[in-house]
Amino acid sequence: MSARNKIVKREGVEPSDVENQVAQALFDLEQNADFKADLKNLHIVSVREVEVSGGRKALVVFVPFVLLKRFHKVQQHLVRELEKKFSGQHVVLVGQRKIQRLNAVKNGQRRPFSRTVASVHEKILEDLVYPTEIVGKRTRVRLDGTKLLKVHLDRKDQNNTEYKLDTYASVYRQLTGKQAVFEFPVVQRENN
């Protein structure tokens with residue numbers, strides 16, 4: 001077993017330096033007794049570095065869609081450990097999904113809804129903020145025609161994810177090309 005087994009690429013494609021570093025970190029974590037059983041059969045597809053405001057970088061780790069649920073079981077602990085190893089960088093796990101063209105008809109079958117642009121962008125949004133739940137979304141159309149997506153996150157996770165809101169916005173813009181703002185809704189109390 002080696003770190004090379006933790007990243008699966010198409011035949012003939014060599015992993016980049018960042019991908020090798022993340023694969024090595026996953027391999028090192030797997031050697032730890034806490035993660036041994038959880039990370040045994042898990043691997044990643046690719047890693048992408050994204051510029052975040054303030055000159056920092058974030059690592060977007062793409063995992064196979066079929067393994068996404070198994071990654072979710074250990075995601076909080078895994079992300080915490082990876083952020084320790086890559087100090088100064090936020091780590092986000094996203095499932096690798098495909099978008100099919102509108103006219104991609106195969107054997108008379110229509111394109112599944114899960115492969116549409118809207119569906120894939122929606123799932124990327126959910127993957128970005130996991131384990132925090134999205135409690136509301138608003139699309140604001142400005143006078144010049146540009147759209148801004150306002151995403152309201154669950155307040156119970158505010159202490160754990162508030163420092164990552166800029167990272168979420170930058171990564172979502174890089175992956176989808178859409179501008180989004182992540183915030184926690186303000187709760188107003190009624191005075192009787």
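A residue counts as buried when its relative accessible area is under 20%. In this predicted model, Thr132 has a relative accessible area of 6% and is therefore buried. Thr132 sits in the loop that links helix 3 (117–129) to strand 4 (134–141). Beyond its neighbours within four places in sequence, Thr132 is in contact with four named residues: Leu153, Asp154, Asp157 and Thr161.

The strand that follows this loop belongs to a sheet. Strands 4, 5 and 6 form an open sheet in the order 4-5-6, with mixed pairing. Strand 4 and strand 6 (180–183) are the edge strands, and each pairs on one side only. From one strand to the next, the twist averages 20 degrees. Strand 4 and strand 5 (residues 147–153) run antiparallel and are joined by seven bridges. Within this pairing, Lys137 has Val151 of strand 5 as its bridge partner.

Two helices lie across strands of this sheet. Helix 3 lies across strand 4, strand 5 and strand 6. Its direction makes an angle of about 130 degrees with strand 4. Helix 5 lies across strand 5 and strand 6, at about 155 degrees to strand 6.

Helix 5 (residues 165–176) also lies across strand 1, strand 2 and strand 3. Relative to strand 1, helix 5 runs at about 115 degrees. These three strands form an open sheet in the order 1-2-3, again with mixed pairing. The edges are strand 1 (46–52) and strand 3 (90–96), each of which pairs on one side only. Here the twist averages 30 degrees from one strand to the next. Strand 2 (residues 56–64) and strand 3 run parallel, joined by seven bridges. Val63 stands opposite Gly95 of strand 3.

Nonpolar packing was examined next. In soluble globular proteins, nonpolar side chains tend to be buried together. The largest nonpolar core in the model has 24 residues. Val22, Ile44, Val61, Phe71 and Leu78 have the most contacts inside this core. Helix 1 (17–31), strand 2, helix 2 (68–85) and strand 3 each supply at least two of its residues. Helix 2 gives the largest share, six residues. Phe71 illustrates the contacts. Leaving aside neighbours within four places in sequence, Phe71 is in contact with Leu42, His43, Ile44, Val63, Leu78 and Leu93. Of these partners, Ile44 and Leu78 are also listed among the residues with the most contacts inside the core. Another core, of 23 residues, lies apart from the largest one. Its members include Val94, Val120, Val151 and Phe182. Val151 is also the strand 5 residue bridged to Lys137.

Helix 1 and helix 2, both contributors to the largest core, also pack against each other. Two packed helices are described by the angle between their axes and the distance between the axes. For helix 1 and helix 2, the angle is about 120 degrees and the axes are 11 Å apart. Angles of 65 to 115 degrees count as roughly perpendicular, and those over 145 as roughly antiparallel. Helix 1 and helix 2 are therefore oblique to each other. Their crossing is right-handed. On helix 1, the contact is made by Ala25, Leu26, Asp28 and Leu29. On helix 2, the contact residues are Leu78, Glu81, Leu82 and Lys85. Leu78 thus takes part in this helix contact and is in contact with Phe71.

Terms used
Residues numbered from 1 in each chain as written. Predicted model: local features only at pLDDT ≥ 70, side-chain atom pairs only at ≥ 80, totals over all residues. Heavy atoms only, no water. Pairing = 2+ DSSP bridges. Helix = DSSP H or I, 4+ residues; strand = E, 2+ residues; numbered from the N terminus. Axes fitted to C-alpha atoms, helices over the stretch in contact; angles between N-to-C directions. Contact = heavy atoms within 4.5 Å. Core = buried A, V, L, I, M, F, W, Y, C linked by side-chain atoms within 4.5 Å. Buried < 20%, exposed > 50% of the residue type's maximum accessible area, 1.4 Å probe, protein only. Parallel < 35°, antiparallel > 145°, perpendicular 65-115°, else oblique. Left-handed = near helix turned anticlockwise from the far one by under 90°.
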